[in-house]
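Thank you all for coming; I would like to take a few minutes to walk you through a structure that is new to most of us. Please have a look at it first, and then I will go through a few places in turn.

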Amino acid sequence: MFRLSALLTVLAVAIAACGGGNDSSSSSSSSQSSGGGGTQSASGQGKQIFTSNCGGCHTLKDAGTSGQVGPNLDELQPDKPTVVRQVNNGGGQMPSFKGKLSDAQINTVATYVSSVAGQS
């Protein structure tokens, strides 16, 4: 339980430092992840949202990011509910991203992060 609390706090601080924003910024939406059809497209969208909003602070090998402000998500390997809760609610110094990212964007990035963290 302590580890989860600590993780959420660190994740909150990291995401807060990264800032919010729309997923319309640069970053290619091509995806190297496997899967077919909608899953690959959703993964590409999640990757783009992550890269645009979180990659400056977090290391996630699949996204090609090496941020050092927040936790290394490949090491942390958060599950989807943890990512959704943290992004929605914030915590510690991290503000909520609920008003900055749509529910669909939060779901997409949480699915992406939880499915690729520690897998590359």
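When I say that two residues meet, or are in contact, I mean that they have heavy atoms within 4.5 Å. Please also keep in mind that what you see is a predicted model.

With that in mind, let us start with a pair of helices. In helix 4, the residues K80, V83, V84, V87 and N88 meet D103, I106, N107, A110, T111, V113 and S114 of helix 5. Sorted by character, the residues of this contact divide into 6 nonpolar, 4 polar and 2 charged. How are the two helices arranged, and at what angle do they pack? Their axes lie 8 Å apart and the angle is about 140°, which makes helix 4 oblique to helix 5, and the crossing of helix 4 past helix 5 is right-handed.

Just ahead of that, Q77 sits in the loop between helix 3, residues 73-76, and helix 4, residues 80-89. Most residues other than glycine have a negative phi. Q77, however, is not a glycine and still has a positive phi of about 50°. Its relative accessibility is 45%, so Q77 counts as partly exposed.

My last stop is C54, which is found in the loop between helix 2, residues 38-53, and strand 1, residues 59-60. Is C54 buried or exposed? C54 counts as buried, because its relative accessibility is 10%, and buried here means under 20%. Measuring from C-alpha to C-alpha, C54 and G67 are 8.4 Å apart in space, while in sequence they are 13 residues apart.

Conventions:
Residues are numbered from 1 along each chain as its sequence is written. This is a predicted model: local features need pLDDT of at least 70, side-chain atom pairs count only at pLDDT 80 or more; totals for chains, interfaces and linings use all residues. Side-chain values use heavy atoms; hydrogens and water are left out. Helices (H or I, at least four residues) and strands (E, at least two) are DSSP runs, numbered from the N terminus. Buried means under 20% relative accessible area, exposed over 50%, partly exposed in between (1.4 Å probe, protein chains only). Axes are lines fitted to C-alpha atoms, for helices over the stretch in contact, and angles run from 0 to 180 degrees between N-to-C directions. Angles under 35 degrees count as roughly parallel, over 145 as roughly antiparallel, 65 to 115 as roughly perpendicular and the rest as oblique. A crossing is left-handed if the near helix is turned anticlockwise from the far one by less than a right angle, and right-handed if clockwise. Ala, Val, Leu, Ile, Met, Phe, Trp, Tyr, Cys and Pro count as nonpolar, Asp, Glu, Lys and Arg as charged, and the others, Gly among them, as polar.
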